[in-house]
There are 2 protein chains.
Amino acid sequence: MSVAVENFVKAVYKNAKRTNDTKPGIIAKELGISNAAATDMAKKLAVKDLLHYEKYQELKLTVKGNQMALNVIRKHRLWESLLFKMFDMSLHDIHREAELLEHQTSDLLANKISEYLGNPKFDPHGDPIPDKNGIITTTDTSFTLSKANEGKTYIISRLMSDDKEFFDFCAQHGLKYGNTITVSKQFIKNKMTQIVVNNNTILLNEDFSTIIYVNENESKNVQH
Amino acid sequence: MSVAVENFVKAVYKNAKRTNDTKPGIIAKELGISNAAATDMAKKLAVKDLLHYEKYQELKLTVKGNQMALNVIRKHRLWESLLFKMFDMSLHDIHREAELLEHQTSDLLANKISEYLGNPKFDPHGDPIPDKNGIITTTDTSFTLSKANEGKTYIISRLMSDDKEFFDFCAQHGLKYGNTITVSKQFIKNKMTQIVVNNNTILLNEDFSTIIYVNENESKNVQH
DNA sequence: AACTATTTTTAAGTATACTTAAAAATTTAT
DNA sequence: ATAAATTTTTAAGTATACTTAAAAATAGTT
């Protein structure tokens with residue numbers, strides 16, 4: 001299946017995880033194409049039995065479409081894990097490379113990469129990696145920094161973003177998957193979170209505190 | 001530049017290395033497209049200043065086209081080197097993966113891979129890897145097995161093929177880049193070469209003895 | 001409930017990378 | 001040297017994945 005198809009299916013999958021209003025417009029915005037193109041593609045994918053399409057209704061992946069999305073996501077996250085482990089590159093660069101490589105990777109190679117890495121369950125962003133059957137076994141106990149408690153210490157479990165500026169900020173301040181941070185203050189009214197990382201105090205606004213996910217220090221979720 | 005363009009330029013480059021009759025037909029055969037499509041593409045690439053095109057004449061890459069070809073070949077051979085090192089996969093499978101990955105790899109990532117591998121000068125087939133400026137410094141002293149001397153021992157330096165059957169044969173008999181083999185007999189009249197690998201005697205016909213390249217045992221070319 | 005704004009859809013058109021069929025030129029063989 | 005074979009080119013057409021513009025339907029607002 002083509003890159004355009006895989007990306008469309010992936011975008012539908014990801015959107016459906018977040019909202020329950022997955023219509024062509026949102027996907028178009030996500031992929032940077034026109035609404036017309038998205039509607040067009042949706043119709044074509046319905047013919048290929050990748051999603052259910054009815055005029056003006058929500059887009060819903062079929063079982064087949066779901067499998068395809070999970071397979072692409074698996075490859076993306078495996079590539080991120082491999083590149084992160086092997087090379088000194090920014091998470092943002094790694095994400096960009098994985099975005100391309102994910103479409104040109106055989107199942108065989110994906111399995112080899114997974115095996116090499118010890119079949120990891122999370123990528124460097126903390127996102128779960130579906131297994132070869134598309135199954136995500138991990139129960140995610142993490143929550144956003146904005147909901148963390150003052151005075152407590154946490155472990156970063158996800159950096160949920162594609163934004164270069166965010167990753168640059170993270171890299172600069174030691175905000176990295178697996179690292180330990182302490183929440184020194186929650187400014188509820190102003191929606192800011194103050195944290196301590198590597199003995200540096202940083203103030204995060206809502207944009208950032210809601211895309212950084214953490215786990216309790218003693219969490220069972222730290223299996224790598 | 002698109003995958004089709006990169007593959008076309010690469011095919012022209014490779015053909016020009018072998019023959020001096022690089023016309024659309026040969027490229028078409030190489031890429032598995034029609035002659036018409038090859039002529040068409042040649043015209044388009046001329047507009048992009050990637051090759052010189054004149055009706056019925058040979059296709060000749062411009063400096064820009066040459067650079068593009070070398071860049072793609074570099075990425076291909078780096079991927080082959082990396083996959084060969086990391087994973088237990090057949091050379092044929094590795095070749096197929098590299099054929100796809102080569103088009104989706106930034107220069108940055110290519111450099112990272114090269115660095116990680118210690119900037120190798122040869123890939124697992126023994127083919128030279130252009131450096132980041134497209135320069136191939138290696139002087140190749142290797143020759144085909146068909147031209148080797150009876151009784152002498154050699155080191156395999158290139159397996160020049162894309163053919164799965166050939167690679168399966170190689171894998172089965174220990175014919176691998178860097179391995180040592182002895183030529184026990186040359187059947188000049190019948191164009192066969194008898195070799196000894198791992199204490200096994202194998203008879204190779206012309207098809208195989210002309211795509212297996214070797215170096216003298218004491219060669220200076222064994223720099224990895 | 002009706003008007004407005006937004007979204008979705010349809011329709012028509014574009015670029016890329018092919019295809020087949022036939023014409024034109026070149027190459028090969030006698 | 002000329003006919004036959006092959007290759008190259010041109011021409012017309014297709015599928016994919018988009019675009020813009022306008023019509024149709026839905027959603028939001030008062």
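**Figure 1. Y56(A) beside a sugar or linking oxygen of DNA strand D in a predicted model**. An N or O atom in the side chain of Y56(A) is 3.2 Å from a sugar or linking oxygen of DNA strand D. In this predicted model, local features need pLDDT of at least 70 and side-chain atom pairs count only at pLDDT 80 or more, whereas totals for chains, interfaces and linings use all residues; side-chain values use heavy atoms, with hydrogens and water left out. Residues are numbered from 1 along each chain as its sequence is written, chains are lettered from A and ligands numbered from 1 in the order in which they are written.

**Figure 2. Two lysines of chain B and the phosphate oxygens of DNA strand D**. For K43(B), a polar side-chain atom lies 2.2 Å from a phosphate oxygen of the strand. For K55(B), the corresponding distance from a polar side-chain atom to a phosphate oxygen is 2.9 Å. Two or more residues each are given to the surface near DNA strand D by α3 (35–47) of chain A, and by α2 (24–31) and α3 (35–47) of chain B (helices, H or I, are DSSP runs of at least four residues and strands, E, of at least two, numbered from the N terminus).

**Figure 3. The protein surface around DNA strand D**. The strand is surrounded by 21 residues, the closest being S2(A), K23(B), K43(B), K55(B) and Y56(B) (a residue is near a strand if one of its heavy atoms lies within 4 Å of it). Of the strand's atoms within 4 Å of the protein, 80% belong to sugar or phosphate, and the rest belong to bases.

**Figure 4. The interface of chain B and chain A**. Here 19 residues of chain B are in contact (heavy atoms within 4.5 Å) with 19 residues of chain A. The rule finds zero salt bridges across this interface (a side-chain nitrogen of Lys or Arg within 4 Å of a carboxyl oxygen of Asp or Glu). On the side of chain B that touches chain A, α4 (63–86), α5 (91–101) and α6 (107–116) of chain B give two or more residues each. The largest share, five residues, comes from α6(B).

**Figure 5. The surroundings of T144(B) in strand β3 of chain B**. T144(B) counts as buried because its relative accessibility is 10% (buried means under 20% relative accessible area, exposed over 50%, partly exposed in between, with a 1.4 Å probe and protein chains only). Leaving aside neighbours within four places in sequence, T144(B) is in contact with S209(B), T210(B), I212(B) and Y213(B).

Terms used
Polar contact = N/O pair within 3.5 Å; in protein donor to acceptor, adjacent residues only side chain to side chain.
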